[in-house]
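Got the model open in your viewer? Keep the selection tool handy and follow along, one stop at a time.

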Amino acid sequence: MTDLFIGGQWTGAIDERTREIRCPADGSLVAVVDEGGGKDAAEAVAAARQAFDQGPWPRTPVGARGDLLLRVAGLVERDKAALARAESLDTGKRLAESEVDIDGVVACFRYYGQLVRTEADRVVDTGSEHAVSRVVYEPVGVCALITPWNYPLLQTAWKVAPALAAGNTFVLKPSELTPSTAIALMRLLAEAGLPDGVANLVLGPGAEAGAPLTDNPDVDMVSFTGGLRTGRRIMAAASGTVKRTSLELGGKNPNVVFADADFDTAVDYALTAVFLHSGQVCSAGARLLVEDPVHDAFVEEVVRRARGIRLGGPFDERAQTGPLISAAHRAKVEAYVAAGLAEGARLRCGGTRPDDPALADGYYFLPTVLDRCHSGMSVLADESFGPVLTVERFSGEDEAVRLANDTVYGLAGAVWSGDEERAQRVASRLRLGTVWINDYHPCLPQAEWGGFKQSGTGRELGPSGLAEYREAKHIWRNT
Ligand code: NAD
C-alpha cells in the first residue's frame with residue numbers, strides 16, 4: 001500500500017498499519033488506506049523543509065505559481081465526477097452536495113491562481129531622497145495543514161491553494177475518516193507539475209500523525225480547521241516554537257428571524273441552515289431565534305416540515321439529508337439531545353434514530369427541534385454538529401443581539417427582516433465573521449471566511465487568506 005506522499009514518492013506507513021474507510025450511509029467498505037504516525041509525519045516535514053530551503057518553488061515567480069494553480073483547477077474540473085463520488089462515499093453526503101463542493105474547490109484554485117499575480121510588492125515613501133524602501137512578501141515556510149471530515153476537499157483547497165500561491169511547502173494531514181480526496185489531490189498536484197517535496201501527505205489519527213506536526217521545530221505555520229478543543233491544543237503545542245497559527249474552529253450560529261421577515265422564505269432557509277449535511281457544517285444555523293409575534297407559528301411550520309425531511313444515502317436522489325459521519329459522532333449528538341431534555345428543553349420532533357430498516361446500517365439521526373431553550377443550557381453553549389435545532393424567543397432588536405452574541409463562538413449567522421436598515425444595523429452588532437441578510441450559507445472564494453472570538457484566529461479565502469501564508473519583509477536601502 002502506498003497512500004502517503006512524501007518528497008514526491010508514494011509510500012506506505014513506516015509501521016505498516018492500515019485503516020478501513022467505510023461509508024457512513026451503510027457501512028460498506030470504501031477503501032483500505034495506510035495509517036501513518038509520528039515517524040511518517042517527521043519524514044514528511046523533513047521533505048517539505050528540504051523543498052523549501054533548497055527547491056525551486058519558493059523562488060518561482062508568482063506568474064508561474066499562478067499558472068500551476070490554474071492547471072490544478074482544470075484537473076479538478078476534469079475529474080469532478082470521480083472526486084464528488086469519492087467525497088460522498090467517505091462522508092455519506094449527498095452526491096449533489098459533493099458536486100457543489102468540488103465546484104468550490106475549482107473556484108478556490110482559480111481565485112488564488114489569479115490573485116497571486118496581481119499582488120505586487122509595495123514601495124514606501126521614506127521622506128528622504130537618500131533612501132528607498134519597499135515591502136516584499138515572502139512565503140512563511142513549511143506549513144502543516146490539518147483538515148476535518150465534513151468538507152474534506154473544500155477545506156483542503158482553502159489551505160493548499162493560498163499556501164502554494166504564496167510559495168510555501170506543506171504537509172497535509174486530512175481527517176483519518178475521509179482521506180480519499182486528499183490522496184487524489186496529491187496526484188493532481190504532481191500531474192500539474194508541482195516540484196517534488198512541495199506537497200506532502202500524511203494519513204493517520206490526529207493524536208498520532210497530526211500532533212507531531214504542531215510542535216516540530218521545522219514547521220513554521222499550522223493552519224487547522226476542526227473543533228475548538230483540538231484548536232486549543234494545537235495553539236498550545238505551536239507556542240513552544242512560536243509558529244504562526246491559523247485556526248478555523250466551531251460555531252454556534254444564530255439565525256435571527258424578525259416578525260417582518262418573509263415568513264415562507266425564512267422557514268425554508270431555517271431548515272437548510274441547520275439540516276444541510278445533517279448539521280455537520282461549521283456555520284450551521286443551529287440556533288433559531290424568533291421574534292415574539294411570529295414565534296409560535298414559525299416554529300410550528302419549521303417542525304411540520306422538519307418531520308417530512310427525507311433521509312438517505314449519497315446516491316438516493318430523493319434524499320434531502322444524509323447520515324452522521326460515525327457511530328461515535330451519533331452517540332455524541334444523542335448525548336447532547338439528552339442533556340438538553342434533562343435541562344428542560346422541549347422536544348418538538350426527532351430526537352431519535354429513524355426506524356426505517358433501509359437506514360439501519362447507516363449512522364442516521366432524525367432532524368430534531370428543541371424549543372423553550374434559554375441561556376445557561378448546554379444545548380445553547382455547545383456545538384452538536386448534528387441535525388439539532390434549538391429555538392429561542394426574543395422581543396426587539398436589543399434582545400436579539402444580546403442572545404445571538406451570548407456564546408463563546410463567533411463564526412457565522414443570519415438576520416431575517418423586511419426592514420433593510422434594521423437588518424444592516426443588527427448585522428453590524430453581531431460578533432460574527434460572516435453575516436447573511438435574508439439568506440443562509442453562501443460563501444465565495446473572494447470573501448474572507450473565519451471566526452470572531454473562540455471560532456478561531458486568522459481568515460481563509462479572500463486576500464486575507466493569502467496574507468496568512470506570507471511574511472512581509474521591509475527592505476530599506478541607503479542610496
Ligand atoms: P477535530 O478537531 O476532531 O479534527 C480535525 C483534524 O484535526 C483531523 O484531521 C484530526 O485528525 C486532527 N487532530 C485531532 N487532534 C489533533 C491534535 N492533537 N493535533 C493535531 N491534529 C489533530 O474536528 P472534526 O471532528 O474532524 O471536525 C469537526 C469540527 O470542525 C467542528 O467543530 C466544526 O465546527 C469544525 N469546522 C470548522 C470550520 C470552519 O471553517 N471554521 C469548517 C469545518 C469544520
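What follows is a walk through the domains, two strands, one single residue and the ligand site.

Before you click: this is a predicted model, in which local features need pLDDT of at least 70, side-chain atom pairs count only at pLDDT 80 or more, and totals for chains, interfaces and linings use all residues. Residues are numbered from 1 along each chain as its sequence is written.

**Stop 1: the domains**

Colour 4-249 + 455-475 as domain 1 and 254-437 as domain 2; these bounds come from an automatic or database domain assignment. The C-alpha centres of domain 1 and domain 2 sit 31 Å apart. Where they meet, domain 1 puts in 16 residues and domain 2 puts in 19 residues (two residues are in contact if their C-beta atoms, placed from the backbone, lie within 7 Å). On the domain 1 side, select α3 (80-91) and α4 (95-118), the elements that give two or more residues to the side touching domain 2. The biggest giver there is α3, with three residues. By class, that side of domain 1 has six nonpolar, six polar and four charged residues (Ala, Val, Leu, Ile, Met, Phe, Trp, Tyr, Cys and Pro count as nonpolar, Asp, Glu, Lys and Arg as charged, and the others, Gly among them, as polar).

**Stop 2: strand β7**

Now pick residues 142-146, strand β7, which is largely enclosed by the rest of the structure because five of its five residues are buried. Two definitions help here: buried means 20 or more other C-beta atoms within 10 Å of the residue's own, with C-beta atoms placed from the backbone; helices (H or I, at least four residues) and strands (E, at least two) are DSSP runs, numbered from the N terminus. In a regular strand the side chains alternate between the two faces of the sheet. Look at β7 that way: V142, A144 and I146 are on one side, C143 and L145 on the other, and both faces are covered.

Add β8 (residues 169-173), which runs parallel to β7 and is joined to it by five bridges (strands pair if DSSP finds at least two bridges between them). I146 has K173 of β8 as its bridge partner. To get from β7 to β8, the chain passes through helix α5 (residues 152-165) in a right-handed β-α-β crossover (with the strands pointing away from you, the path from the first strand over the helix to the second runs clockwise). Then show β10 (residues 221-225), paired with β7 in the parallel sense over four bridges; M221 in β10 stands opposite C143.

**Stop 3: strand β12**

Jump to residues 254-257. P254 and V256 on one side of β12, and N255 and V257 on the other, are all buried. Which residue of β13 is the bridge partner of V256? It's L289. Four bridges join β12 to β13 (residues 287-291), and the two run parallel. Include helix α9 (residues 263-275) to see the right-handed β-α-β unit made with β12 and β13. V256 also stands opposite V415 in β17.

**Stop 4: D371**

Click D371, in strand β15 (residues 368-371). D371 counts as buried because it has 20 C-beta neighbours inside 10 Å. Leaving out residues up to four places away in sequence, D371 touches V299, R346, R348 and V391.

**Stop 5: the ligand**

Finish by selecting the 33 residues around the ligand, where the closest are P148, G206, G210, G226 and C282 (C-beta atom, placed from the backbone, within 6 Å of the molecule). α7 (206-214) and α8 (228-239) each give two or more residues to this shell, and α7 has the largest share, five residues. Each of domain 1 and domain 2 supplies at least three residues.

Notes:
Buried ≥ 20, exposed ≤ 12 C-beta atoms within 10 Å, placed from the backbone.
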